[in-house]
Amino acid sequence: MAKLTKPQMKAHNEALRILRKDRLTDDERDYVFTNFHPGTEHMNGAAGAFFTPPSLANDATIGVSGRVLDLCAGIGTLAAHVHWGSQYDHSKRTSLDVTCVEINPRYVEIGRKLCPWANWINADIFKLNPSKLGRFDWVISNPPFGTVSRTGNAPRYSGRHFDLHVLDIAAEYSDYAAFILPAMSAPFKYSGNRFYERLENSRGAEYERHTGAMLQPHVGIDCTVYKDDWKDVSPAIEVVEADFSSIQRNALARLEGSQQLDLLAAE
Ligand SMILES: C[S@@+](CC[C@H](N)C(=O)[O-])C[C@H]1O[C@@H](n2cnc3c(N)ncnc32)[C@H](O)[C@@H]1O
């Protein structure tokens with residue numbers, strides 16, 4: 001379990017007191033997102049449960065609207081910021097419909113209190129049925145990073161990195177996704193760099209070549225700004241926007257290409 005300083009423990013206990021209330025104000029919700037510490041109740045390292053700092057969640061969800069799926073939602077930090085972001089725009093406010101999927105029942109319980117406007121599903125993302133949930137305009141996620149244990153594989157990715165499994169699962173639900181990913185999983189370096197730099201030898205570039213997905217920086221966020229806002233960690237990350245619209249087409253093109261080769265060989 002994480003060791004908290006006295007002020008952190010005091011703030012965490014205040015968050016727990018707020019969570020016992022029947023109804024919460026937006027200020028109280030914001031207080032809980034800022035001060036609830038997952039490491040007090042669970043081994044958050046083993047589960048990859050490092051919640052997104054609200055400052056980053058606010059920026060990472062810019063432009064996300066419509067029917068939205070939050071995979072590995074935690075207590076709903078990203079979902080809440082999509083909701084709050086939509087409040088300034090009437091067309092977005094009326095059409096917003098957020099579904100959160102989270103494996104830990106305690107986080108789902110807290111999430112329902114903090115984001116009562118969202119649909120909460122307590123489930124393992126590897127066991128979801130995409131045809132039951134339907135299509136979404138966006139998938140958002142801050143997934144566990146790296147080699148966290150999992151119960152299955154994504155359809156197109158079979159490597160070691162949990163975050164890329166979640167990214168690949170997102171393609172089953174939408175053509176667009178905004179993901180907080182470890183910098184090593186992005187096919188570019190943008191944060192903390194003087195300019196956008198493409199990284200051809202990265203896991204992200206390999207994933208793009210393998211699937212036909214396109215990954216780029218989401219609304220140009222320099223994530224080094226939030227480095228000190230995380231609890232217990234200060235990860236090197238990028239906010240990655242994925243365009244999956246070419247996945248099927250490229251798979252088909254590869255198939256058509258290989259059929260053409262077969263035909264040529266037969267001639
Ligand atoms: C890095 S935390 C981020 C939580 C939240 N997205 C946020 O931005 O604060 C990852 C979350 O994924 C959840 N998780 C881990 N494995 C999962 C799985 N197989 N299915 C659904 N959720 C999972 C963890 O319990 C944890 O809450």
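Q: In which loop is the place of V219?
A: Keep in mind that this is a predicted model. V219 has a phi near 45°, a positive value in a residue other than glycine. As for its place, V219 sits in the loop between strand 8 (214-217) and strand 9.

Q: Is V219 buried, partly exposed or exposed?
A: Buried would need a relative accessible area under 20%, and exposed would need over 50%. V219 comes out at 44%, so it counts as partly exposed.

Q: Which loop holds C72, and is C72 buried or exposed?
A: C72 also has a positive phi, near 60°, in a residue other than glycine. Most residues other than glycine have a negative phi. The loop that holds C72 runs between strand 1 (67-71) and helix 5 (77-86). The cut-off for buried is under 20%, and C72 has 19% relative accessibility, so it counts as buried.

Q: How far apart are the C-alpha atoms of S174 and V139?
A: S174 is found in the loop between helix 9 and strand 5. Along the chain, S174 and V139 are 35 residues apart. In space, their C-alpha atoms are separated by 6.5 Å.

Q: Which residues is S174 in contact with, leaving aside its neighbours within four places in sequence?
A: S174 has a relative accessible area of 0%, so it is buried. Leaving aside its neighbours within four places in sequence, the contacts of S174 are R135, F136, D137, W138, V139 and F244.

Q: Which parts of the chain does the salt bridge of D175 and R135 link?
A: The side chains of D175 and R135 meet in a salt bridge, at 3.3 Å from N to O. The pair links distant parts of the chain, 40 residues apart. Those parts are the loop between helix 9 (162-170) and strand 5 (176-182) for D175, and the loop between helix 8 (130-133) and strand 4 (138-141) for R135.

Q: Are D175 and R135 buried, partly exposed or exposed?
A: The band for partly exposed lies between the 20% and 50% cut-offs. D175 has 30% relative accessibility, and R135 has a relative accessible area of 46%. So D175 is partly exposed, and R135 is likewise partly exposed.

Q: In which helix do E109 and R106 both lie?
A: E109 forms a salt bridge with R106, with the closest N and O atoms 3.6 Å apart. R106 is partly exposed, at 25% relative accessible area. The two residues are 3 residues apart, about one turn of the helix, and that helix is helix 7 (residues 105-114).

Q: Which residues do salt bridges that share partners join into one network?
A: Take the pair E200 and R198, whose side chains meet in a salt bridge at 2.9 Å from N to O. E200 counts as partly exposed at 40% relative accessibility, and R198 does too, at 33%. Through shared partners, the network takes in R198, E200, E206, E208 and R209.

Q: How many salt bridges does the structure hold?
A: Side chains of opposite charge can pair when their charged atoms come close. E109 with R106 is one such pair, and D175 with R135 is another. For the structure, the count is 12 salt bridges.

Q: What volume does the largest cavity have?
A: The structure holds 1 cavity of 30 Å³ or more. Its lining has 14 residues, with F36, P38, F50, F51 and K231 nearest the centre. By class, those lining residues divide into 8 nonpolar, 3 polar and 3 charged. The volume is about 90 Å³.

Q: Which strands each supply at least two residues of the lining of the second largest pocket?
A: This pocket has about 160 Å³ of space. Of its 15 lining residues, A183, K189, A236, I237 and E238 are the closest to its centre. The lining has 9 nonpolar, 3 polar and 3 charged residues. The strands asked for are strand 6 (188-189) and strand 9 (237-243).

Q: Over which residues is the pLDDT below 50?
A: The protein chain has a mean pLDDT of 90, and 89% of its residues reach 70 or more. One stretch falls below 50, and beyond near neighbours in sequence it has 3 contacts in the model. Where pLDDT is low, the predicted coordinates should not be read in detail. That stretch is residues 249-267.

How values were computed:
Residues numbered from 1 in each chain as written. Predicted model: local features only at pLDDT ≥ 70, side-chain atom pairs only at ≥ 80, totals over all residues. Heavy atoms only, no water. 1 Å grid on protein atoms, 1.4 Å probe; cavity = no way out; pocket = protein on both sides within 12 Å on 5 of 7 lines; lining within 4 Å. Points joined across faces, edges and corners; volume = space filled by probe spheres on them. Nonpolar A, V, L, I, M, F, W, Y, C, P; charged D, E, K, R; others polar. Salt bridge = Lys/Arg side-chain N within 4 Å of Asp/Glu carboxyl O. Helix = DSSP H or I, 4+ residues; strand = E, 2+ residues; numbered from the N terminus. Buried < 20%, exposed > 50% of the residue type's maximum accessible area, 1.4 Å probe, protein only. pLDDT = per-residue confidence, 0-100. Contact = heavy atoms within 4.5 Å.
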